[in-house]
Amino acid sequence: MKHHNIARMVVSAGLALSMTISMAGAPIAAFADTSQGSITITASSGDNASTSYSAYKIFSGTVEDQDGSKVISDIAWASDEVHTAGVSAIQAEDSTYTDPTDAAESAQKAAEFINEHITGTDSTTILANASFGNKLADAIDGIAATTTITPGTATSLDEGYYLIVTADVSGKTDQDGTSPIFAIVGGTAVTVNEKTTVPTVEKKIKDDDATTYGKAASSELGKKLDYQITGTVASNLDTYETYYYAFEDTPSAGLDIDTSTIAVTIDGTTVAPSSYTVTTTDGVLKVEFTDLKSAKDADGTTIAVTKDSKVVLTYEASLNSSSVIASEHNDNEVRIEYSNNPNTDQHGYTKPDKTKDYTYKLSLVKKDKQNESRTLAGAKFTLQVSNADDTSGDNGKYVQADGSLGTTAYEFTTGDDGTFSVERIDAGTYTVHETEAPTGYDAVSDFTFTISDNAKDMASVDDTLTLTATTTGASSEIAADATSGTATLTVKDTKQNGLPLTGQSGLLVTVAVGGAIVAVSARSLSKRDKEQ
């Protein structure tokens with residue numbers, strides 16, 4: 001029997017310690033040792049602190065600490081099932097490999113093979129899918145006895161050489177399975193970090209006049225705004241043979257997504273639409289990659305996706321007639337469904353992220369300037385954009401009955417209560433033109449009002465909406481209420497005045513007669529003065 005003392009790291013993606021497997025000494029039968037050690041796994045990100053792990057023993061043995069390394073001797077297969085699976089993985093890697101009939105020699109030879117074929121690893125190594133270490137893990141995973149390990153809690157295990165993988169995380173949110181961890185347990189306590197990070201997603205919206213994306217915006221009915229969704233991938237991406245990745249975007253009933261504007265980039269490279277599918281089911285938009293790692297650019301070249309890659313989805317969406325008025329808001333929420341356990345077909349979900357789109361209501365009240373308790377019906381107005389809350393050329397357009405903008409003027413008419421209202425308008429400055437005053441009143445001169453909000457300045461969707469309004473010119477007042485999302489504009493008309501008349505000619509006769517009397521009186525006074 002050969003005896004070796006191999007003083008180099010054996011396990012991949014395992015411990016920060018230097019570890020050694022020693023085949024010196026007489027091997028013993030599996031499960032013969034009763035000594036124990038402990039291992040603690042530290043979760044790295046997301047909600048993985050609630051993820052459990054499964055530990056599979058590959059070899060039994062006696063473990064000692066020597067000069068900062070762990071030495072395992074008296075190696076034996078942990079079970080017949082593990083023996084069969086381990087040898088099969090080795091022979092798949094090297095078809096010339098023969099398994100000794102003696103159980104002890106079989107374990108020793110297999111340990112030497114593992115030691116020679118899992119090399120160059122350290123405490124941060126993540127195994128590639130094609131590596132022998134990952135193939136061995138795939139063969140051992142699910143075989144026979146297992147021990148459950150809870151993150152952050154020391155777990156006692158019999159001494160030996162272990163494979164540690166993530167237990168069931170199918171359908172979980174904010175959890176991701178680790179790449180295989182190989183560890184020698186025994187002697188001093190062992191602590192190891194899991195080999196993964198949890199993907200994230202961030203959604204943003206660009207307000208009309210904003211230069212960058214933010215968490216909120218405001219717009220009028222039908223105005224298309226830009227949306228941007230950025231997703232990351234797990235740091236152990238290389239361990240996956242294929243990597244499922246799908247954006248699931250759920251707009252509120254008040255938002256319409258224009259699917260013709262959908263585009264996806266990976267690290268700035270535009271992805272060919274043939275690499276993903278776009279579906280809309282029950283109002284949920286899904287942009288799906290069955291394998292993100294095989295995504296191609298417009299020329300058909302596979303895009304290199306790495307653990308640091310960012311996948312960006314953009315599209316345009318607009319408010320529809322079901323959109324709600326602030327301070328309620330029109331949400332658009334997204335999550336990513338992704339492969340979340342190497343060597344399995346399990347999927348999980350990121351925590352969702354969302355944006356808000358606000359829209360407002362204008363209520364105009366027409367009053368008698370001299371008697372403000374009297375409201376006036378029949379006044380007609382147009383509303384024209386004079387300084388839009390955007391840079392898209394909306395200045396000069398007219399507000400339509402539904403709040404959208406058009407190139408032709410629409411006349412709003414005050415009702416019996418002296419008011420009219422229009423919903424789903426954007427912040428900005430508008431010019432009011434009274435095209436027809438109520439009978440007996442003078443129309444006011446053109447004037448402007450401005451609605452201002454803080455939507456584009458919101459750093460978080462949890463920020464509070466603020467709404468202000470001002471007016472300049474004419475006899476008008478305005479007030480804004482962020483709770484209802486309404487700006488109330490009061491316009492005061494002056495009543496026309498005139499002396500009572502019985503006819504214009506009668507007035508002239510009266511004036512003429514009056515003039516004659518004055519003339520006669522003047523002549524009489526002059527004659528009297530001369531006589532005196």
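Is Glu-248 buried or exposed, and what is its relative accessibility? In this predicted model, Glu-248 counts as buried because its relative accessibility is 13%, and the cut-off for buried is under 20%. Keep this residue in view, as we will come back to it after a look at the salt bridges in general.

The structure holds 21 salt bridges. A good one to start with joins Lys-215 to Asp-353, whose side chains meet at 2.8 Å, N to O. Lys-215 sits in the loop between β11 (201-206) and β12 (216-218), while Asp-353 belongs to strand β22 (residues 353-358), so this pair ties together parts that are 138 residues apart in sequence. If you look for the two partners in the model, you will find that Lys-215 is buried, and so is Asp-353.

Now back to Glu-248. One of its salt bridges is with Lys-286, and here the closest N and O atoms are 3.5 Å apart. Glu-248 lies in strand β14 (residues 245-251) and Lys-286 in strand β18 (residues 284-289), so the bridge links parts that are 38 residues apart in sequence.

Glu-248 also forms a salt bridge with Arg-335, with the closest N and O atoms 3.0 Å apart. Because Arg-335 lies in strand β20 (residues 330-339) and Glu-248 in strand β14, this pair ties together parts that are 87 residues apart in sequence. Arg-335 itself is partly exposed, with a relative accessible area of 30%.

These contacts belong to one network: salt bridges that share partners join Glu-248, Lys-286, Arg-335 and Glu-337.

Terms used
Residues are numbered from 1 along each chain as its sequence is written. This is a predicted model: local features need pLDDT of at least 70, side-chain atom pairs count only at pLDDT 80 or more; totals for chains, interfaces and linings use all residues. Side-chain values use heavy atoms; hydrogens and water are left out. A salt bridge is a side-chain nitrogen of Lys or Arg within 4 Å of a carboxyl oxygen of Asp or Glu. Helices (H or I, at least four residues) and strands (E, at least two) are DSSP runs, numbered from the N terminus. Buried means under 20% relative accessible area, exposed over 50%, partly exposed in between (1.4 Å probe, protein chains only).
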